[in-house]
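Before any single residue is discussed, it helps to settle the terms and the confidence with which coordinates may be read. The questions below then go from confidence to the core and on to individual side chains and backbone angles.

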Amino acid sequence: MQLLKALWALAGAAICCFLLFLIHSQFLKEGQLAAGTCEVVTYDRDSSQPRRTIARQTARCACKKGQIAGTTRAKPACVDARIIKTKQWCEMLPCLEGEGCELLLNKSGWTCMQPGGRIKTTTTQGV
């Protein structure tokens, strides 16, 4: 009797998991992003100038309420919308681990300073 109850419970749990999987797959159809995630859509790199590389990146994000597309650890991410509105870019932790972040004077972006003295400057567009 106990074995039969355990088998019914196990079968019920398996059916619930399967139904949850079906519902989840219907909401996340091909091409849709999960809430709170981002993906890089285009990336263009220009190294034609000596000692300087210009890179342009476009990302697509599906951010939760109160969040907006930003950058965390040099990758596209959903960040608190307040950071973008106030242009306090370093609060979204845009630089890699071990790099220092400083706002540009006009708040149009930030610089990431690597321990070896190399500087990476990022400017924002349309904000």
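Buried means a relative accessible area under 20%, exposed means over 50%, and partly exposed lies in between. The model is predicted.

Q: Is E99 buried or exposed?
A: E99 is found in the loop between α2 and β5, and beyond four places in sequence it touches C112, M113, Q114 and K120. Its side chain also reaches the backbone nitrogen of L96 at 2.9 Å. The relative accessible area of E99 is 14%, and because the cut-off is 20%, E99 is buried.

Q: Which element of the chain has the lowest mean pLDDT?
A: The chain as a whole has a mean pLDDT of 80, with 74% of its residues at 70 or more. Over residues 16-24 the pLDDT stays under 50, and the model has 0 contacts beyond four places in sequence for them. Where pLDDT is low, the predicted coordinates should not be read in detail. Among the elements, β5 has the highest mean at 95, while the lowest, 50, belongs to helix α1 (residues 2-27).

Q: How many residues does the largest nonpolar core have?
A: The members of this core are V79, I83, I84, W89, M92, C95, W110 and C112, and α2 (81-86) and β6 (109-113) each supply at least two of them. One member, C112, touches residues including P94, C95 and E99, as well as R118, I119 and K120, when neighbours up to four places away in sequence are not counted. The largest nonpolar core thus has 8 residues.

Q: Why do the rings of W89 and W110 count as stacked, edge-to-face or tilted?
A: The count comes to 1 aromatic pair, and the ring centres of W89 and W110 are 5.9 Å apart with their planes at 40 degrees. The pair links distant parts of the chain, with W89 in the loop between α2 and β5 (100-103) and W110 in strand β6, 21 residues apart, and both are buried. Planes under 30 degrees apart would be stacked and over 60 edge-to-face, so the pair of W89 and W110 is tilted.

Q: What is the phi of R73, in the loop between β3 (67-72) and β4 (75-80)?
A: Most residues other than glycine have a negative phi. R73, which counts as partly exposed at 33% relative accessibility, is not a glycine and yet has a positive phi of about 50 degrees.

Q: What is the phi of K107?
A: K107 lies in the loop between β5 and β6 and is partly exposed, with a relative accessible area of 33%. Although K107 is not a glycine, its phi is positive, at about 60 degrees.

Note on methods
Residues numbered from 1 in each chain as written. Heavy atoms only, no water. Core = buried A, V, L, I, M, F, W, Y, C linked by side-chain atoms within 4.5 Å. Buried < 20%, exposed > 50% of the residue type's maximum accessible area, 1.4 Å probe, protein only. Helix = DSSP H or I, 4+ residues; strand = E, 2+ residues; numbered from the N terminus. Contact = heavy atoms within 4.5 Å. Phe/Tyr/Trp six-rings, centres within 6.5 Å; stacked < 30°, edge-to-face > 60°. Polar contact = N/O pair within 3.5 Å; in protein donor to acceptor, adjacent residues only side chain to side chain. pLDDT = per-residue confidence, 0-100.
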